[in-house]
Amino acid sequence: MNDTTLKFAVVLSGCGVFDGSEIHEATMTMLAIDEAGCDYQCFAPDTWQAKTIDHYTGQATAIAGDDDNRNVLAESARIARGNIKNLKEFNAKEYDAIVFPGGFGAAMNWSNFAIKGSDCELNKEVERAIHDAYENHLVIGAMCIAPVVIAKALAKHKVKVTIGTDKGVGAGITKMGAVFEPKGTLDVCVDEENRVVTTPAYMLAKSIKDIRKGTQNLIDEMLNLLD
């Protein structure tokens, strides 16, 4: 990294759509940042997954507390090719923006939204990273189901987000005190006041080309707020 290049933090929640970060979304996020001429650093919390899913059968093979369950930081390192830091090391003053790709890890490892919905609790390091980013005026991006974590953390600011058109999840966002804005597959919800940008990604997308385009749109809108 150099002092003139915009710097993004990319926060991961594991490796795989059903129990961690959605790999296409995470990869396309890094690609869009790189193609925009910016730098990124991956982070993940050092915690255990809520459960480990066999992505071939769709069945859980381990749950929290089992000896063969997996660590979120170690699994996220697979996507980052080992170039990753513990989220405890995230210093908002060193970055211009922070992005949260989706995948069920957002609702299982960063939070327990998958179980408790709007009454969910957040992983403390994820919550700290979001609050620090907000207080230091970073642009915050999120996609797929990850915006529910942003909504929970920043609900008192009436942050506006989208996860697509799912009325059930949208109702949960509203119950948190945030604002839900329905959007289409490639659309982006821009909350200029709170500097938060979100897009549906695989909550609506049917192909990887949609993920590439939607992610590019997200990063483009984040860069617009950084102008």
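**Figure 1. Packing around helix H8 in the predicted model.** The buried residues of H8 pack against two kinds of element: the helix H1 (23-35), and the strands E1 (7-11), E6 (97-100), E7 (139-143), E10 (189-191) and E11 (196-199). The residues of H8 that are buried are Ile211, Gly214, Thr215, Asn217, Leu218, Ile219, Met222, Leu223 and Leu225. In an α-helix there are 3.6 residues to a turn, so residues three or four places apart point the same way. Helix H8 itself covers residues 208-226. With 19 residues at 1.5 Å a residue, H8 should span 27 Å, and the 27 Å between its end C-alpha atoms agrees with this.

**Figure 2. The whole protein chain, for orientation.** The chain holds 8 helices and 11 strands. Its C-alpha trace spans about 45 × 40 × 35 Å along the principal axes. A compact globule of 227 residues would have a radius of gyration near 17 Å, and the 16 Å of this chain agrees with that. Of the 227 residues, 54% are buried. Where contacts join residues at least 6 apart in sequence, 68% of them link residues at least 24 apart. The chain exposes about 10200 Å², and carbon and sulfur atoms supply 47% of this area. There are 23 positive and 32 negative charges, and the mean positions of the two sets are 3 Å apart.

**Figure 3. Surroundings of Asn86 in strand E5.** Strand E5 comprises residues 84-86, and Asn86 belongs to it. Asn86 has a relative accessible area of 16%; the limit for a buried residue is under 20%, so Asn86 counts as buried. Leaving aside residues up to four places away in sequence, Asn86 touches Phe43, Ala44, Asp46 and Leu73. Ala74 is 12 residues from Asn86 in sequence, and their C-alpha atoms are 9.7 Å apart.

**Figure 4. Val17 in the loop between E1 and H1.** This loop joins two of the elements against which the buried residues of H8 pack. The relative accessible area of Val17 is 26%, which makes this residue partly exposed. Val17 touches Glu22, His55, Gly103 and Phe104, with residues up to four places away in sequence not counted. Val17 and Ala106 are separated by 89 residues in sequence, while the C-alpha to C-alpha distance between them is 9.8 Å.

**Figure 5. Lys158 in the loop between helix H6 and strand E8.** Helix H6 (147-153) and strand E8 (160-161) lie on either side of the loop that holds Lys158. Phi of Lys158 is near 55°, which is a positive value in a residue other than glycine. Lys158 has 53% relative accessibility; the cut-off for an exposed residue is over 50%, so Lys158 counts as exposed.

**Figure 6. Arg195 in the loop between E10 and E11.** Both strands that flank this loop, E10 (189-191) and E11 (196-199), are among the elements packed against by the buried residues of H8. Arg195 is not a glycine, yet its phi is positive, near 60°. With a relative accessible area of 23%, Arg195 is partly exposed.

Key:
Residues numbered from 1 in each chain as written. Predicted model: local features only at pLDDT ≥ 70, side-chain atom pairs only at ≥ 80, totals over all residues. Heavy atoms only, no water. Helix = DSSP H or I, 4+ residues; strand = E, 2+ residues; numbered from the N terminus. Rg over C-alpha atoms; globule rule 2.2 N^0.38 Å. Buried < 20%, exposed > 50% of the residue type's maximum accessible area, 1.4 Å probe, protein only. Contact = heavy atoms within 4.5 Å. Areas by Shrake-Rupley, 256 points an atom, 1.4 Å probe, with all protein chains shown as cover. Lys, Arg positive; Asp, Glu negative; His and termini not counted. Charge placed at Lys NZ, Arg CZ, Asp CG, Glu CD. Expected span 1.5 Å × (residues − 1).
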